[in-house]
Amino acid sequence: MKQQNVVVLGATGSIGASTLDVVTRHPGRFRVLGLSAHRDVDRLVALCATHHPAYVAIADASLTSELQTKLAAAGVAAHVLSGAAGLVELASLPEADAVMAAIVGAAGLQPTLAAARGGKRILLANKESLVMAGPLFMREVHDHGATLLPIDSEHNAVFQCMPSDFARGLSAVGVSRVLLTASGGPFRDFPAEHLDSVTPDQACAHPNWSMGRKISVDSATLMNKGLEVIEARWLFDASPESIEVVVHPQSVIHSLVAYTDGSVLAQLGNPDMRTPIAHAMAWPERIDSGVEPLDLFQVARLDFRPADRQRFPCLRLAYDALAAGGTATAVLNAANEVAVAAFLDGEVRFTAIPHVIEATLEALGTASADDLETVIEWDSEARTYATEWLTGHAGKQHRP
C-alpha cells in the first residue's frame, strides 16, 4: 500500500484536528506533507513539531518571520510559504496526493481550486468553494481529473447512500430526493420573540457538535444548512427542488437519499467529524476513525420536523440565491460572513443577520459567474455593501 501524502489546509481548526487524529491512527497509510493556518502561529508550530511536515504555510503573510523563528526554535525544518499565493502553492504541490480543504469561508476558494487544477484527491470541508463558484469549481474538477469527496457530515452521508454511478444523473439512477438533516441548532425550541437578545456565546453553544464560532452561528441561523443545499446542488447535480432540509434534533441520521421505488437510505453514526473524514481519506476502503460505535438503544428515538423558513429566514435566502443563480450565491455568502462577524463582535443583534443578507442580495442583484475574477469581484462588492449597510443601520441593529 502506497503511503498518501496529505496536505491539511486549515490545520489549526476543528476539522484539521480531526484529520490529524485520523492520520495519527494510520501512520503506514498517511503522511503529513503540509499544514496551513490563518494566524495561529503557536498552534501551527506545535502541530509541525508533532507531524513533521515538509511544508508549512501561514495565510497572514505579516506573521511569516515569527513563524520561521518559532519553527527554528522548535527544531522543525520545514519550507515556509505565506499569503494567498503560499496557500495556492501548498494545495498544488506535485507530491501531494490528498488535500484536506478545511479553510473557513471565502478564503478557501482559491487554494481549493488550485487543488482541483492539480488533479488532487480533494477532501472538501470548505463548502464556500461550491457556494461561491459551483459551476466553475466542478468544471475544474472534471477537466483536471481530480477526485472530489465531501467531508461535511451531511454530504458525506448522501455520498455514502448514493449509487456509485450517480454521476450519470440522479433520475437515471432512480434518485428522487436528497434529504439533508439539520439539528436545528441551539434555538430550534427558543421563543422567537427572544431571538433579538441572544448572545454570541448562546449562538455558539451547539447542542450536538463541537465547531468553530462562525459555523456555529451559521448553524444557529440555519444558514449553514442553506449553504449545504447549494453545495449539494453542485456535488450531486441535484435540482434545488429535489433537495429538502429536515430538522432532526438527535443528529444521528446525517442525511438520507430517497429513491423512486419508495426506498429511503440513511447514514447513521455518532456526531463526530472523524467518521466522514476517515471515510473520505480511505475511500473506497474503510478504516478505523476512533469514533465510538453508535448505540441505538441509548439513542432510543429519532425525531423529525420540517425546517421553518419563516423562523429561520437565512434558509429561505439561500434557496432564493440558488434560484437566482450566477453571482447571487457568492453575494449571499459574503454578506453572511460580514453579518456573522459583526454579530460575534457584539456590533449587531442576532436577528440582524438575515436583514443584512437580504438587503445585499436585493441591492446587487446577480450576474453570470463564468470565471474566478468575476466571483471574487462580486464577493468584494457584497462585503463592501454589507459593511456599509451595517454602518447605516447601526442604531437599529446594535445589540442592547
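## A helix pair to start with

Let's begin with two helices that lie against each other. In H14, the residues Ala 328, Val 331, Leu 332, Ala 335, Asn 336, Ala 339, Val 340 and Phe 343 meet Ile 353, Val 356, Ile 357, Thr 360, Leu 361 and Leu 364 of H15. Sorted by class, this contact of H14 with H15 has 12 nonpolar residues, two polar ones and no charged ones. Keep in mind as you look around that this is a predicted model.

How do the two helices sit relative to each other? H14 (residues 328-344) and H15 (residues 352-364) pack at an angle of about 145°, and their axes are 8 Å apart. The crossing of H14 and H15 is right-handed.

## Three domains

Now step back to the whole chain. It is divided into domain 1 (4-150), domain 2 (152-271 + 304-309) and domain 3 (325-399). Notice that domain 2 is listed with two stretches, 152-271 and 304-309.

How far apart do the C-alpha centres of domain 2 and domain 3 lie? The distance between these centres is 23 Å. The two domains also touch: 17 residues of domain 2 are in contact with 14 residues of domain 3.

## The seven-stranded sheet

Next, find the open sheet of seven strands, whose order is S4-S3-S2-S1-S5-S6-S7 and whose pairing is parallel. Strand S4 (79-82) and strand S7 (147-150) are at the edges with a single partner strand each, so each has one side without a neighbour in the sheet. On average, and ignoring direction, neighbouring strands here are turned by 20° against each other. As background, the strands of a sheet pair through backbone hydrogen bonds, either parallel or antiparallel.

For a close look at one pair, try strand S1 (residues 4-9) and strand S2 (residues 30-37), which run parallel and are joined by five bridges. Which residue of S2 is the bridge partner of Val 8? That partner is Leu 35. Helices pack on this sheet too. Helix H4 (residues 83-91) touches S1, S2, strand S3 (55-58), S4 and strand S5 (98-101), and its direction makes about 125° with that of S4. Helix H6 (residues 128-143) touches strand S6 (121-124) and S7, and the direction of H6 makes about 165° with that of S6.

## The five-stranded sheet

There is also an open sheet of five strands, in the order S11-S10-S8-S9-S12, and here the pairing is mixed. Its edge strands are S11 (264-268) and S12 (305-306), each of which pairs on one side only.

Within this sheet, strand S8 (residues 175-182) and strand S10 (residues 253-259) pair in the antiparallel sense over five bridges. One bridge to spot links Leu 179 with its partner Leu 256 in S10. Helix H10 (residues 223-235) lies across S8 and strand S9 (243-247), running at about 155° to S8.

## More helix contacts

H10 has a helix partner as well. The axes of H10 and H14 come within 12 Å and cross at roughly 155°. That angle makes H10 roughly antiparallel to H14, and their crossing is left-handed. Met 223, Leu 227 and Ile 230 in H10 meet Thr 329, Leu 332, Asn 333 and Asn 336 in H14. This contact of H10 with H14 divides into four nonpolar residues, three polar and no charged.

Another pair to find is H5 (residues 109-117) with H16 (residues 372-392), whose axes come within 12 Å and cross at roughly 165°. H5 is therefore roughly antiparallel to H16, and the crossing of H5 and H16 is right-handed. Leu 109, Gln 110 and Leu 113 of H5 make the contact with Leu 372, Val 375 and Ile 376 of H16. By class, the contact of H5 with H16 has five nonpolar residues, one polar and no charged.

## Two backbone details

Finally, here are two spots to visit along the backbone. Is the peptide bond from Trp 283 to Pro 284 cis or trans? This bond is cis, with omega near 10°. Pro 284 lies in the loop between helix H11 (274-282) and helix H12 (296-299).

The other spot is His 52, in the loop between helix H2 (41-51) and S3. Phi of His 52 is near 55°, a positive value in a residue other than glycine.

Technical notes
Residues numbered from 1 in each chain as written. Predicted model: local features only at pLDDT ≥ 70, side-chain atom pairs only at ≥ 80, totals over all residues. Heavy atoms only, no water. Axes fitted to C-alpha atoms, helices over the stretch in contact; angles between N-to-C directions. Helix = DSSP H or I, 4+ residues; strand = E, 2+ residues; numbered from the N terminus. Parallel < 35°, antiparallel > 145°, perpendicular 65-115°, else oblique. Left-handed = near helix turned anticlockwise from the far one by under 90°. Contact = heavy atoms within 4.5 Å. Nonpolar A, V, L, I, M, F, W, Y, C, P; charged D, E, K, R; others polar. Pairing = 2+ DSSP bridges. Domains from an automatic or database assignment.
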